[in-house]
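Visitor: Could you take me through a close look at the ligand site, and at how the parts of the chain around it are arranged? I would like one connected account, beginning with how far the coordinates can be trusted.

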Amino acid sequence: NRRFLLARRPHGEPVPEDFSLVTEPVPQAPEGGFVVRNCYASLDPAQRGWMDDAPSYMPPIPLGDPVRATTVGIVSSSNTDEFQVGDWVMGLNGLEDYSVNQAGGFTMKVDPSLVDSPSKFLSAMGAVGLTAYFGLIDVAKPQPGETLLVSGAAGAVGSAVGQIGKILGARVIGIAGGAAKCRRLIDDYGFDVAIDYKGKSVDALAAEIRAAAPEGANVVFENVGGDVMDAELMNLAKHARIVLCGLISEYNSPEKVGVRNLWQVLAQQATLYGYLIMDYAPRFAEGGAAMAEWMAQGRLRIDEDVQEGLENAHAAFMRLFTGANTGKLVLKIADG
Ligand code: NDP
């Protein structure tokens, strides 16, 4: 059982020495539990936060434990009637070949006949689209004709936010890094406007947003924070709703600098929502059904960036922070 362990807490950007890959015997199912042979693991910006010893919505990953990750895999041994050997399951496990589970935990069965690759349970059928769905449908509630501004727009969550925003009738402006990603926003995801934030000052970026949305944004879906968010904050419409979904530009900075234009929230009587998808678990079936329908209709496209090999976990994870990922980042651990 190869396990990708958190050896020490990263200071700033994670480096290979923060992790160790060890090999241990394959575990057997415990009393009342089962073992999953992991095939794909989700690589998420949130994992960077779980590596820090700081208060959060989940305890930090203990040092010496495998890096916590949502995985999809096959039950390889079982001591519970709930799960049979051969069942496909998805759950919160770790970056490792085999994960021990107790019955009654988060792990759920999935039906591989529904998808062309089990990785889809981490992307199109996973929390990515649901994060976009509930953040819009339940929190921001964009109205037809309103302006929706999305950062991290070409990423997994951001690209889904923009597309669902269009389905809901909003005018969608996306902010992403580089010309190629901006082209994809228009050509692949149907955004109305794409803005490249790279190499621009807060003032220059704010001016570009203003040119695209002279009346300001009614909804901001925030995935990035830092300078990008500062530029957005200078372009709020009165009573704007800001969904604070992520702050990826700050995850690797030991000193959390934060935004400086927060006073705009007050000035525009805006509302800032701290948003976590986990709260919506009881409604995943509802969101999943809506997204499946939009995908079947060709109105929603969720791309994947599949990297291979547990031994490449660090390099693969860093794609999220260099922006190299071209869709939902997934690590293939083994064939199904
Ligand atoms: P993405 O697929 O969007 O990948 C991350 C992207 O972030 C990169 O491709 C890069 O795009 C961008 N990025 C990285 N560093 C910076 C930086 N310093 N400044 C600006 N952009 C940067 O990842 P996800 O879709 O998985 O996650 C997107 C966001 O959503 C994250 O903030 C994550 O924490 C959050 N999230 C929140 C959830 C919740 O429940 N609240 C659930 C799931 C995700 P580019 O090339 O454009 O720079």
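Guide: In this predicted model, the chain has an average pLDDT of 96, and 100% of the residues score at least 70. The ipTM is 0.99 and the pTM is 0.97.

With that in hand, the ligand can be approached through the residues that surround it. There are 27 of them, and the closest are Gly 155, Ala 156, Gly 177, Gly 246 and Gly 323. Two elements, helix H3 (156–167) and helix H9 (313–322), are those that give two or more residues to this shell, and H3 supplies the largest share, three residues. By residue class, the shell holds 15 nonpolar, ten polar and two charged residues.

The setting of the site follows from the division of the chain into domain 1 (2–123 + 303–332) and domain 2 (127–278). The centres of these two domains, taken over C-alpha atoms, are separated by 29 Å, and their contact draws twelve residues from domain 1 and ten residues from domain 2. On the side of domain 1 that touches domain 2, three residues are nonpolar, six are polar and three are charged. Because domain 1 and domain 2 both give residues to the shell around the ligand, the ligand lies between them.

Helix H3 also leads to another part of the model, since it is one of the elements against which the buried residues of H4 pack, together with strand E9 (171–176) and strand E10 (193–196). Helix H4 covers residues 179–187, and its buried residues are Lys 181, Cys 182, Arg 184 and Leu 185. Seen down the axis of H4, these buried residues fall within an arc of 155°, so they line one face of the helix. The face of H4 turned away from that buried side carries the exposed residues Ala 179, Ala 180 and Asp 187.

A last residue that deserves a careful look is Glu 146, which sits in the loop between helix H2 (127–140) and strand E8 (147–151). Glu 146 counts as buried because it has 21 C-beta neighbours inside 10 Å, where 20 or more are needed. Apart from neighbours within four places in sequence, Glu 146 is in contact with Ala 170, Asn 218 and Val 219. Its C-alpha atom is separated by 27 Å from that of Gly 258, a residue 112 residues apart from Glu 146 along the chain.

Definitions and conventions:
Residues numbered from 1 in each chain as written. Predicted model: local features only at pLDDT ≥ 70, side-chain atom pairs only at ≥ 80, totals over all residues. Near = placed C-beta within 6 Å. Helix = DSSP H or I, 4+ residues; strand = E, 2+ residues; numbered from the N terminus. Nonpolar A, V, L, I, M, F, W, Y, C, P; charged D, E, K, R; others polar. Domains from an automatic or database assignment. pLDDT = per-residue confidence, 0-100. Buried ≥ 20, exposed ≤ 12 C-beta atoms within 10 Å, placed from the backbone. Arc of directions from axis to C-beta. Contact = placed C-beta atoms within 7 Å.
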